[in-house]
Amino acid sequence: MQDFAIVTGGARGIGAAVAQRLKADGLRVAVVDRVRPEHDVADEVLDLDLSDVEAVQSALGAFCKGRRVTRLVNNAGIVEPADVESTDPYSLDRVAAVNLRAPLLCLQAALPAMKEARLGRVVNISSRVALGKELRSAYSATKAGLHGMTKTWALELGQHGITVNAVGPGPIATELFNKVNPPGDPRTDRIIQSIPVKRTGNPEDVADAVSFFCSERSGFVTGQVLFVCGGMTIGSA
């Protein structure tokens, strides 16, 4: 039975690159997203609202039953930018529902299959913003919280052959990033100049890191956060 990888938010951007890379690595890929994938590598597509607890538990639980689901990439996330004075509790709840609660629900759905296989690779997509950024109270809190979950799950699940790690992207040239930061714009140039390697990353840079954490060869690496940021986070802890 061929192993499945579940990739949330796998329709486009970083998630699409991850899905394509894991497919090239020989895995079957299930994409969980609210939009149709912009690629043709998905073996299964689940249209799910990750903020809906019952829907996620029901659909993912049913999907994982009887399948050898051994990889989970929690990539989906939302941002509601606001300064601290404008951040309302409902915004925090909405961001946390997708960025923190959904990864927990997805892992719980996949765990029985991973435990049965005695093999699991969980990769949580965090962000350099976990270290702090203006106008990101809710987002940075959830991404920092995801680091804590990553380490806790690593401690609990290692005995079952399951590793849990996180990848924290820096500025990645996705369609959304380029829309907000057009190439050649002075603000974009300032961002690039602040990156030690003097370029933005691309989705494939993140996918390469995820591929390593998802491989069977990474079995002695767990509970770690790898920033794929071109050096931006150096000295930023």
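## Surface and overall dimensions

The accessible surface of the chain amounts to about 11,500 Å², and carbon and sulfur atoms contribute 52% of that area. The model is predicted. Of the 237 residues in the chain, 48% are buried.

Taken along the principal axes, the box filled by the C-alpha atoms is roughly 50 × 35 × 35 Å. As for charge, the chain carries 26 positive and 26 negative charges, and the mean positions of these two sets lie 5 Å apart.

## Secondary structure and compactness

Seven helices and seven strands are found in the chain. Their order along the sequence is β-α-β-β-α-β-α-β-α-β-α-α-α-β. The chain has a radius of gyration of 17 Å, close to the 18 Å given by the globule rule for 237 residues, so it is as compact as a globular protein of that length.

Contacts in the chain were also sorted by distance along the sequence. Among those with a separation of 6 or more, 69% join residues 24 or more positions apart.

## The annotated region

An unreviewed UniProt entry lists residues 3-170 as "domain: Ketoreductase". Within residues 3-170 the chain is 44% helix and 21% strand. The C-alpha atoms at the two ends of this stretch are 30 Å apart.

## Strand β7

Strand β7 comprises residues 225-228 and includes Val228. Val228 has a relative accessible area of 17%; the cut-off for a buried residue is under 20%, so Val228 is buried. Leaving out residues up to four places away in sequence, Val228 touches Val167, Gly168, Pro169, Gly170, Ile172, Asp205, Val206 and Ala209. One of these partners, Ile172, is 56 residues from Val228 along the chain, and the C-alpha atoms of the pair are separated by 9.1 Å.

Leu226 also lies in strand β7. Its relative accessibility is 35%, so Leu226 counts as partly exposed. Apart from neighbours within four places in sequence, the residues in contact with Leu226 are Ala166, Val167, Gly168, Ala209 and Phe213. The C-alpha atoms of Leu226 and Val210 are 9.6 Å apart, and these two residues are separated by 16 residues in sequence. Val167, Gly168 and Ala209 appear in the contacts of Val228 and also in those of Leu226.

## Loop residues with positive phi

Arg118 is a residue other than glycine with a positive phi, near 55°. Arg118 belongs to the loop that links α3 (89-117) to β5 (120-125). The relative accessible area of Arg118 is 48%, which means that this residue is partly exposed.

Lys198 likewise has a positive phi in a residue other than glycine, here near 60°. Lys198 sits in the loop between α6 (186-193) and α7 (203-214). With a relative accessible area of 45%, Lys198 is partly exposed.

Terms used
Residues numbered from 1 in each chain as written. Predicted model: local features only at pLDDT ≥ 70, side-chain atom pairs only at ≥ 80, totals over all residues. Heavy atoms only, no water. UniProt positions renumbered as here; feature names shortened; annotations may be inferred. Helix = DSSP H or I, 4+ residues; strand = E, 2+ residues; numbered from the N terminus. Rg over C-alpha atoms; globule rule 2.2 N^0.38 Å. Buried < 20%, exposed > 50% of the residue type's maximum accessible area, 1.4 Å probe, protein only. Contact = heavy atoms within 4.5 Å. Areas by Shrake-Rupley, 256 points an atom, 1.4 Å probe, with all protein chains shown as cover. Lys, Arg positive; Asp, Glu negative; His and termini not counted. Charge placed at Lys NZ, Arg CZ, Asp CG, Glu CD.
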